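Work through the exercises below with the model open. Try each task before reading its solution.

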Amino acid sequence: MSGMKSSHASLTRRTFVKGAVAAGALGVAAGGMATTANWLAPAQAVAEPEDKVTYMCHQFHCLSGCCLKCTTRDGRLVKIEPNDACEERDQRICVRGLSEVQHVYANDRLQTPLKRVGERGEGKFEAISWDEAIKTVADAIKESQKKYGEQSVFYRKCTEPSVAHGVEWLVQLLRAESGGNWGLDRGHTNGLVPAVGYYAHLYSRSIWEWPQASTILMVGHNICESGMTYAQCMFDAQEAGAKVIVVDPRYSVTAAKADQWIPINPGTDPALMLGMLAVIVEKGWYDEDFAKANTSFPFLVERKSGKIFADEKAPLETPHLITGDTVYTAYVYDTKTKSAKHYDDKEAKAALEGSWTLDGKEVVTEFTLLKEWIAKNGYSAAWASEITGIDEQVIIDLADQYANGGPAYIDFGLGGPDKYYNADVDGHAMGILTALTGNYGKPGTGLGFFGGIEPTAASGLGAWALPEEFHYGDTGLAMYELPDMKDCPIHCAITFGDAFTLEAANANKFLEWVKTLDFFAIADIYHSSVIDYADIVMPACTKFECPEEIYHIRETGMGYVSLATKTIDPLFESKTDLEIERLIAAEFGLDKYMPQSYEEYADALLKDSPYTKEQLLANQGVIRIPGMETLPDGRGDQVYPTPSTKFEVYYENLLEQGHAFPVYDPPIESDPNNEKFAEYPLQFMQGKSRFRIHAYFSASTWLQEFIGPCVNISPADAAARGIKTGDDMHVFNDRGEFIAKALVNPGIKEGTLFMFETTYNTYYKDGFLQNVTNDAHNQRCYEMRHGPQILYNDTLVQVEKA
């Protein structure tokens with residue numbers, strides 16, 4: 001097909017984005033699929049073939065889970081639109097979903113199994129058969145486990161090439177390591193888990209409730225790009241009278257649509273929250289009734305030890321959420337009887353503030369300690385202004401609006417301030433703000449990440465159970481720790497998708513570790529950045545391709561059960577993740593424990609559920625989860641999944657680290673007082689784009705017209721270096737370097753650089769952005785539920801014209 005002349009060159013990427021796909025009027029040229037070049041043609045050029053319509057849930061990775069209606073013609077995907085069996089508000093799709101019409105057929109598709117013939121990193125391969133690829137992978141696993149033990153094998157499934165994402169059969173059958181805590185998107189959550197429970201970032205109320213809010217404070221969240229199918233909720237809220245305030249170092253798309261943009265020095269968000277907290281406490285703008293009834297603020301603490309004053313003779317059975325230790329019943333001071341009472345004594349009138357002597361010990365309330373802690377650390381609006389670069393009066397006004405303006409949300413993103421050393425402090429401080437003002441568990445209030453996963457009622461879907469003898473490796477090793485280990489136990493690695501360069505910071509160091517592995521194999525859809533380091537490469541299917549008629553089944557982020565049907569046959573020699581895992585498992589005689597097909601897997605999940613396969617297929621593959629007809633009343637009962645069942649604000653397990661209440665830490669690297677600033681004076685941030693999901697969609701040539709590797713730089717910083725928009729810019733620090741195009745942008749603070757999250761390294765002139773990012777770990781976070789967060793944004797660089 002590569003030698004065919006195109007008669008449809010006028011169909012460009014730009015015309016596609018502007019209108020062609022929105023209208024759904026795309027077709028395909030005839031011919032084989034030896035390459036992906038020149039296969040598109042206007043629909044009217046094709047002589048009335050028979051169309052086939054199928055249905056699927058598209059993206060799990062962006063968290064939206066849009067339900068799609070797909071049209072194929074002559075075996076080719078030609079049209080994508082929302083599934084009209086969903087409720088009208090859920091019939092949505094973004095430019096990324098629309099672009100799949102071309103992206104599925106992108107030139108960067110891996111087409112056949114490959115074996116490395118050069119050095120790791122050279123990208124020299126020869127084509128091999130699937131039989132040889134599978135046997136080579138299986139033999140490498142066997143050799144490693146025989147020589148070093150079962151847990152010498154690392155196995156990680158990333159979202160895109162894993163249709164059955166979250167279903168990891170092979171890693172358990174092999175009892176391999178899966179990477180422990182990921183270090184991704186949990187920076188704020190670390191600081192919130194002790195307060196409100198395990199899934200702290202996923203608030204149990206709906207974003208569709210936003211119109212009931214008076215204030216929506218968006219902290220580092222660019223919902224108009226990262227969660228654009230939910231951006232309508234923000235506009236609905238504004239139309240209903242809510243004030244949307246965006247705190248971000250750059251003038252993002254969401255900031256442009258907000259009622260107020262507050263630019264902030266990168267990585268100083270915790271100082272803003274602590275400054276607001278100080279103002280609210282000083283001026284008495286807190287909700288005393290809520291604090292007494294629903295939080296741990298009235299709990300008594302021993303002044304000397306700093307520990308919760310508790311009844312050690314009456315232990316609760318519930319283990320502590322963080323430490324796992326048995327916890328004890330806390331006390332409050334009853335103002336009626338002038339004595340200590342159990343916090344859950346319904347007759348007690350708990351004091352919010354005060355100091356008393358009980359059992360020969362001085363005790364104080366957590367709220368009293370909070371006020372003392374604010375004074376001791378000098379937190380105030382003026383203090384916060386010096387650190388954040390935000391005017392003092394703006395901070396006071398923001399605190400007033402949040403505390404006194406009516407129901408309010410704090411909505412934080414998963415790609416901004418949560419990627420700094422101090423993200424846990426930020427999360428803890430936001431939690432205290434929420435608890436003090438009563439903005440939790442009531443209509444129009446909340447704290448968490450919104451615009452991705454809707455809180456759903458229990459779907460009733462079952463699971464595919466493996467025998468108890470099969471399980472994940474139990475060392476708990478985190479992937480980001482592996483390159484720093486003196487005697488790393490991992491010798492063999494299998495990944496579905498590019499975990500190693502897209503997730504790891506300081507990519508140069510990580511890839512040096514990859515080179516030391518005895519064996520590394522990858523299954524992926526496109527030629528991602530780590531492919532050139534693999535010994536075996538296996539081409540994987542997209543979510544549109546399957547050799548079976550029944551494909552993946554799952555709950556969607558919008559609150560549906562979705563059963564996908566095959567849209568197109570597998571392209572080239574690609575296979576689904578289930579096929580690949582079954583083939584490897586068969587080499588060990590373990591495939592009998594896995595589903596024989598996606599249909600068998602779907603049947604198992606549907607067996608005791610409220611749905612049938614026939615119902616789903618008859619309703620275009622979707623059924624609304626029962627109970628989703630109304631907005632969830634999350635925490636409406638003010639009962640929390642914490643040891644006390646209250647909103648807990650004081651973290652006794654962090655006493656030794658001085659963080660029972662959050663103490664401001666500057667970014668570990670992006671701090672103006674860092675001695676590195678003299679050599680690397682620019683703070684480098686990355687974030688999400690409406691044109692990609694992390695690196696996924698990098699191969700879409702249509703979307704490449706709108707986004708490529710480019711770095712946003714302020715006019716002042718650009719002028720000082722003689723850089724203009726479109727120039728090649730050399731970005732570097734002591735970890736690595738890369739070259740990308742410059743985009744001079746007046747909407748970014750001086751001293752700050754911004755880049756959309758990484759794309760494949762083949763699209764850079766040299767290097768790629770993860771070469772410079774910070775791989776330091778906050779040791780304090782090892783005491784927290786999710787472990788250290790990878791510090792992608794806590795990074796200093798210098799730039800020059802290349």
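**Exercise 1: charges over rings**

Task: find the ring under the charged end of Lys157, then the one under Arg250.

Solution. The charged end of Lys157 sits over the ring of Phe496, 5.4 Å from its centre. Arg250 lies over the face of Phe754, at 3.6 Å from the ring centre. The criterion for a charge over a ring is NZ of Lys or CZ of Arg within 6 Å of the ring centre and within 35 degrees of the ring normal.

A note on the source. The model is predicted: local features need pLDDT of at least 70, side-chain atom pairs count only at pLDDT 80 or more, and totals for chains, interfaces and linings use all residues. Residues are numbered from 1 along each chain as its sequence is written, and side-chain values use heavy atoms, with hydrogens and water left out.

**Exercise 2: aromatic pairs**

Task: classify the pair formed by Trp169 and Tyr601, and place both residues.

Solution. Start with the rule. Rings of Phe, Tyr and Trp (its six-membered ring) pair if their centres lie within 6.5 Å; planes under 30 degrees apart count as stacked, over 60 as edge-to-face and the rest as tilted. The structure holds 35 aromatic pairs. For Trp169 and Tyr601, the ring centres are 5.4 Å apart and the planes stand at 90°, so the pair is edge-to-face. Trp169 lies in helix 4 (residues 169-173) and Tyr601 in helix 18 (residues 598-606), so the pair ties together parts that are 432 residues apart in sequence. Helices (H or I, at least four residues) and strands (E, at least two) are DSSP runs, numbered from the N terminus. Both Trp169 and Tyr601 are buried. Buried means under 20% relative accessible area, exposed over 50%, partly exposed in between (1.4 Å probe, protein chains only). Elsewhere, ring pairs join Trp373, Tyr379, Trp383, Tyr650, Phe661 and Tyr664 into a cluster.

**Exercise 3: a helix crossing**

Task: describe how helix 9 and helix 13 cross.

Solution. Take the axes of helix 9 (residues 269-283) and helix 13 (residues 392-404). They come within 9 Å and cross at roughly 70°. Axes are lines fitted to C-alpha atoms, for helices over the stretch in contact, and angles run from 0 to 180 degrees between N-to-C directions. Helix 9 and helix 13 are therefore roughly perpendicular (65 to 115 degrees; under 35 is roughly parallel, over 145 roughly antiparallel, the rest oblique). On the helix 9 side, the contact (heavy atoms within 4.5 Å) is made by Leu272, Gly275, Met276, Val279, Ile280 and Lys283. Helix 13 contributes Ile395, Ile396, Leu398, Ala399, Tyr402 and Ala403.

**Exercise 4: enclosure of a helix**

Task: decide why helix 17 counts as largely enclosed.

Solution. Seven of the 10 residues of helix 17 (residues 577-586) are buried, so the rest of the structure largely encloses it. The buried residues are Asp577, Leu578, Ile580, Glu581, Arg582, Ile584 and Ala585.

**Exercise 5: loop residues**

Task: place Leu184, Lys338 and Thr645, and give their accessibility.

Solution. Leu184 is in the loop between helix 4 and helix 5 (187-196). Its relative accessible area is 17%, which makes Leu184 buried. Leu184 touches Glu503, Gln789, Ile790 and Tyr792, not counting residues up to four places away in sequence.

Lys338 is in the loop between strand 14 (326-334) and strand 15 (339-342). At 59% relative accessible area, Lys338 is exposed. Its phi is positive, near 55°.

Thr645 is in the loop between strand 25 (622-624) and strand 26 (682-687). At 35% relative accessibility, Thr645 is partly exposed. Its phi is also positive, about 65°.
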